[in-house]
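Here are a few notes from my pass through the model, kept short. Have the viewer open as you read.

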Amino acid sequence: MSYEEKGQWVYLVVTSIAYGVYVVLVITSAGASPLPEVDYQPILLGTIGAAIVASIIGRIAIEMIGPSESHTEDVRDRDIGRLGEYRAGLVLGIGMAVPFIMALAEVDWFWIANAMYLVYVTQAIVGAVIKLIAYRRGF
Amino acid sequence: MGRPTRVTNEIRRLRFNRDEMTQAELAEKVGVTRQTIIAIEQGRYSPSLEMAFQIAGALGVALDDVFGYSATSQEDSR
């Protein structure tokens, strides 16, 4: 497995877990009160920050366990990267219509911010999955 | 995605004819990772024309000795 492919696995796992942790923390913080009353900003920023740190540590740990032969991306990595980013960009572009419409409808900021976060997470996961499929099955 | 390429190749055979050149050695000559050579050999990645020329040059043969084009892909023949 190439260095870039390992990186996509780390990104996929960390992003998915970070979002799952965020959702659980928000729901448990709410308790019996409505979700928009949760002080979600520190939880959101905290899980994003933790995800960045976890990605760096994860990449270092994986390289320590099984060092890659090369740490530079080649033309195939760039082709796969472009494919994944293009498809993920479509998800982002279409998905962002949801918080945009919510903002026009003057929905609570909590829901707009969370819709945006969910779209970002979805595009990240879709991009990583497409890249990993391309690495495994070809394109 | 996942569709086998119609570009066929003889890289594996030619590597062995070339003093059993390893995938790593060929990758180094071409300037790509070993995983990319494996993907090309297995038909999971179609190299660019420039990379195809580089591979042929590294193997010391003409381009059409290394690569061919199948009119019918594996999917079509199913």
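1. What covers the buried residues of α2(B)? Among the elements doing so are three helices of chain B: α1 (11–17), α3 (34–41) and α4 (49–59).

2. Before going further, keep in mind that this is a predicted model. The predictor reports an ipTM of 0.75 and a pTM of 0.83 for the complex. For chain B, the mean pLDDT is 86, with 86% of its residues at 70 or more. The usual caveat applies: where pLDDT is low, the predicted coordinates should not be read in detail.

3. Back to α2 of chain B, which spans residues 23–30. Its buried residues are Leu26(B), Ala27(B) and Val30(B). Looking down the axis of α2(B), these buried residues fall within an arc of 100 degrees, so they line one face of the helix. Have a look at what follows α2(B) as well: Gly31(B) comes next, and its phi is positive, near 85 degrees.

4. Over in chain A, check the pairing of α4 (residues 97–104) with α5 (residues 109–137). Their axes come within 8 Å and cross at roughly 170 degrees. With angles over 145 counting as roughly antiparallel, α4(A) and α5(A) are therefore roughly antiparallel to each other.

5. Which residues make that contact? From α4(A) they are Val98(A), Pro99(A), Met102(A) and Ala103(A). α5(A) contributes Trp111(A), Ile112(A), Ala115(A), Met116(A) and Val119(A). Sorted by class, the contact of α4(A) with α5(A) has 9 nonpolar residues, no polar ones and no charged ones.

How values were computed. Residues numbered from 1 in each chain as written. Chains lettered and ligands numbered in written order. Predicted model: local features only at pLDDT ≥ 70, side-chain atom pairs only at ≥ 80, totals over all residues. pLDDT = per-residue confidence, 0-100. Buried ≥ 20, exposed ≤ 12 C-beta atoms within 10 Å, placed from the backbone. Helix = DSSP H or I, 4+ residues; strand = E, 2+ residues; numbered from the N terminus. Arc of directions from axis to C-beta. Contact = placed C-beta atoms within 7 Å. Axes fitted to C-alpha atoms, helices over the stretch in contact; angles between N-to-C directions. Parallel < 35°, antiparallel > 145°, perpendicular 65-115°, else oblique. Nonpolar A, V, L, I, M, F, W, Y, C, P; charged D, E, K, R; others polar.
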